[in-house]
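Here's a quick briefing for anyone opening this structure for the first time. Have a look at the model, then read on.

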Number of protein chains: 2
Amino acid sequence: MTRQTPTLEDVARAAGVSRATVSRVVNGIRNVDPAIQDVVREAIRNTGYTPNRAARSLVTKRAETIALVVSGAGDESESEQNAFAARVLADPFFGRVVSGVVGFLRPRSMYPVLMFAETEKARGEVLSYLRHSSADGALIFSTHAEDPLPTLLAEEDLPCVLFARPLVSTPVTYVDVAHRDGARLAAEHLLARGCRRVATVTGPLNLPAAQDRLAGFRDTLARHGHPYIPIAEGGFTTESGTAAMGRLLMEHPDIDGVFAANDLMALGVVQTLLATGRRVPEDVAVIGFDDSNVAAVCRPPLTTIRQPMEEMAATMARLLQEQIEGTLSEPTSVIFQAPAALGPGVRHVVRGAGVRQRHRLAHRALHDHRQR
Amino acid sequence: MTRQTPTLEDVARAAGVSRATVSRVVNGIRNVDPAIQDVVREAIRNTGYTPNRAARSLVTKRAETIALVVSGAGDESESEQNAFAARVLADPFFGRVVSGVVGFLRPRSMYPVLMFAETEKARGEVLSYLRHSSADGALIFSTHAEDPLPTLLAEEDLPCVLFARPLVSTPVTYVDVAHRDGARLAAEHLLARGCRRVATVTGPLNLPAAQDRLAGFRDTLARHGHPYIPIAEGGFTTESGTAAMGRLLMEHPDIDGVFAANDLMALGVVQTLLATGRRVPEDVAVIGFDDSNVAAVCRPPLTTIRQPMEEMAATMARLLQEQIEGTLSEPTSVIFQAPAALGPGVRHVVRGAGVRQRHRLAHRALHDHRQR
DNA sequence: CTGAAAGCGCTAACAA
DNA sequence: TTGTTAGCGCTTTCAG
């Protein structure tokens with residue numbers, strides 16, 4: 001019934017040459033007579049041949065595929081797994097990331113495989129997937145600070161690139177944004193607006209990103225004569241933003257400016273402010289930090305610090321590719337500047353130029369690490 | 001350097017049996033002495049063996065992988081390809097779909113590979129990917145009515161399931177929502193609110209979904225004594241909603257109720273209404289149709305017809321699986337009811353129960369089709 | 001119930 | 001420059 005897909009053998013026969021020769025032209029290896037190349041290419045066209053990935057992968061140990069892994073830390077129960085996936089995927093953050101990755105992969109005819117690694121078992125599957133070269137490497141997006149996956153991958157020298165600097169020091173390549181600089185811009189924005197009683201809703205403080213945004217915000221305000229800043233910790237969700245703002249208002253009802261460590265929380269903050277009869281931004285100015293793109297659909301328009309998420313994701317893919325090809329031997333990090341943008345869709349002058357930094361690791365530390 | 005991953009051979013040696021026997025227990029084939037099974041399983045545990053997918057796939061012609069394909073119709077230029085991908089991925093619709101698919105796949109330790117097929121070349125790649133069983137089947141999400149991909153797949157009997165009924169009649173399985181019923185609920189909602197001068201912003205009218213939503217809306221209103229309904233065609237984006245509402249107001253400034261054929265457009269509609277000094281919903285009531293989940297982050301809360309997107313996507317995965325396993329021979333369609341929900345997060349009483357329908361195809365039509 | 005043997009389609013030495 | 005050959009790791013007849 002189902003027509004067989006043509007093999008190298010078929011092409012070889014059609015072209016009157018050996019399999020090896022066909023293989024050579026398919027893989028663009030020189031040392032093939034140009035005339036024969038033409039004949040072979042013609043035969044390929046006639047037969048409609050395309051290489052069988054499984055067969056090729058079996059011998060080359062290359063899948064020409066990369067894994068896009070969303071990983072957590074815990075050991076969620078079966079029932080919580082779907083919820084985990086749903087939560088991550090529902091976040092607009094995800095679409096932007098995939099978009100950036102796909103932008104890099106597409107021209108290379110590569111396709112990402114989507115994996116989740118929030119349990120011990122799932123991590124094991126990711127590991128064996130990579131060990132078998134079912135994927136040549138992984139792009140890791142952790143939702144928890146203590147995610148063990150990066151270390152597990154690094155221990156086995158499996159190619160991977162992280163989104164965001166990991167909490168534990170692991171010799172691994174990552175891409176991140178300059179959180180402190182972004183937070184500084186947020187602080188300056190509020191000050192420039194004339195806010196004098198500012199507060200911040202932070203992300204989960206065990207996350208480096210959340211810490212850095214808080215630190216950058218605090219430092220800037222301190223430098224401007226505001227040594228004490230009320231803070232409330234949130235969980236990067238809209239609901240947590242709503243709650244956190246409620247707590248802040250309880251203690252400090254006269255707040256006139258708020259920096260929310262991400263846009264979803266900023267949304268929650270705005271909702272609480274409106275619900276308590278305050279006007280935004282007349283009474284209280286709010287600025288977010290752009291992980292998602294909710295700022296674009298928000299009324300009133302949300303002021304936010306723009307992260308070049310797509311570019312960051314594309315850069316991750318590029319670094320992974322270099323790692324797979326062996327072009328990149330040492331762990332590297334690329335830090336993007338987060339340019340300020342007021343409101344959604346505002347054209348920003350400062351492009352987010354990536355600043356690549358060599359990550360020098362003490363030999364000893366690396367060694368110790370390998371010893372586990 | 002890189003430790004070899006253990007093979008069947010290794011396990012066989014450790015267990016003192018042949019490769020074939022190990023393979024049998026790995027694949028759960030009966031007719032293996034229980035005692036030997038234990039020995040083998042122990043050896044598997046000790047060696048840390050996991051099957052090599054490429055090798056297995058080479059012989060079984062099964063990849064245990066499915067493709068999640070976002071396909072367009074046109075033949076976009078190179079530069080437009082990224083834009084295409086970005087547009088689709090930015091839409092929250094996408095996250096919900098992936099979430100639903102992953103919900104089905106995860107418990108089966110399967111992972112989807114993400115593909116785009118908006119050009120001739122990309123379609124070719126998807127086809128050969130499936131022909132080679134690099135993926136066992138495809139879940140297709142078309143963004144255009146004249147997408148040739150479903151037909152191409154059907155012609156080669158490659159397993160696939162579509163999201164939404166295709167425009168051209170193709171013997172292919174699909175999952176859809178009862179657009180007319182949903183639109184009817186939207187109409188009834190507006191009438192119940194007391195609206196008397198209603199209008200609608202439709203989707204691209206070459207899409208069956210957009211046609212059906214329009215038809216359902218019109219029919220219901222006609223039945224209630226409103227034979228004429230102003231309409232403006234949009235493109236399922238926020239901007240197109242803004243523009244369409246502007247056109248409607250130009251001709252009919254006294255509109256007091258609007259049905260937008262999706263939420264993104266509803267957002268645009270609301271923005272135009274507010275911008276022209278109208279209050280929502282006091283002056284003009286707006287109801288959307290939920291493709292994305294923007295309704296949840298919208299102020300004022302958007303009233304919308306809820307589509308059970310995740311369940312629909314999960315059902316697509318299930319149908320594809322059945323097709324791959326050969327359990328499902330004939331093309332089938334599953335139509336979900338779209339329950340009405342007022343505002344975001346409102347618990348709806350009517351669950352979206354899937355109504356499976358056999359899709360009876362005239363033998364002759366099918367035959368003609370196969371002849372191309 | 002178990003093992004031996006023959007490939008799946010491809011690449012990569014190694015010869016010619 | 002080209003062909004021959006030996007596998008990659010697995011499943012699957014076919015004997016035993």
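About 4,300 Å² is buried between chain A and chain B, and carbon and sulfur atoms give 58% of that area. Buried area here is the accessible area (1.4 Å probe) that two parts lose on being put together, summed over both. Bear in mind that this is a predicted model: local features need pLDDT of at least 70, side-chain atom pairs count only at pLDDT 80 or more, and totals for chains, interfaces and linings use all residues. Residues are numbered from 1 along each chain as its sequence is written, chains are lettered from A and ligands numbered from 1 in the order in which they are written, and side-chain values use heavy atoms, with hydrogens and water left out.

**Where chain A meets chain B**

- On the chain A side, 42 residues are in contact with 42 residues of chain B, contact being heavy atoms within 4.5 Å.
- The rule finds two salt bridges across this interface, a salt bridge being a side-chain nitrogen of Lys or Arg within 4 Å of a carboxyl oxygen of Asp or Glu.
- Arg106(B) and Glu118(A) pair up in a salt bridge through their side chains, at 2.6 Å from N to O.
- There are also 12 residue pairs in polar contact across the interface, both residues at pLDDT 80 or more. A polar contact is a pair of N or O atoms within 3.5 Å; within protein, one must be able to donate a hydrogen and the other to accept it, and residues adjacent in sequence count only if both atoms are side-chain atoms.
- Several elements of chain A each supply at least two residues of the side that touches chain B, among them α4 (53–60), α6 (92–105) and β2 (112–117). Helices (H or I, at least four residues) and strands (E, at least two) are DSSP runs, numbered from the N terminus.
- Sorted by class, that side of chain A has 21 nonpolar, 15 polar and six charged residues. Ala, Val, Leu, Ile, Met, Phe, Trp, Tyr, Cys and Pro count as nonpolar, Asp, Glu, Lys and Arg as charged, and the others, Gly among them, as polar.

**Around DNA strand C**

- Of the 28 residues around DNA strand C, the ones that come nearest are Leu8(A), Tyr49(A), Arg24(B), Asp33(B) and Ile36(B); a residue is near a strand if one of its heavy atoms lies within 4 Å of it.
- Sugar and phosphate make up 66% of the strand C atoms that come within 4 Å of the protein.
- Ser23(A) has a side-chain N or O atom 2.7 Å from a phosphate oxygen of the strand, while a polar backbone atom of Asn52(A) is 3.2 Å from a phosphate oxygen.
- Arg24(B) reaches a base: a side-chain N or O atom is 2.4 Å from a base oxygen of DNA strand C.
- α4(A) gives the most to the surface near this strand, with five residues.

**Around DNA strand D**

- Here Arg24(A), Asp33(A), Ile36(A), Leu8(B) and Tyr49(B) come nearest, out of 28 residues around DNA strand D.
- Sugar and phosphate account for 63% of the strand D atoms within 4 Å of the protein.
- Thr21(A) puts a polar side-chain atom 2.7 Å from a phosphate oxygen of DNA strand D, and a side-chain N or O atom of Asn31(A) is 3.0 Å from a phosphate oxygen.
- α4(B) gives the most to the surface near DNA strand D, with five residues.
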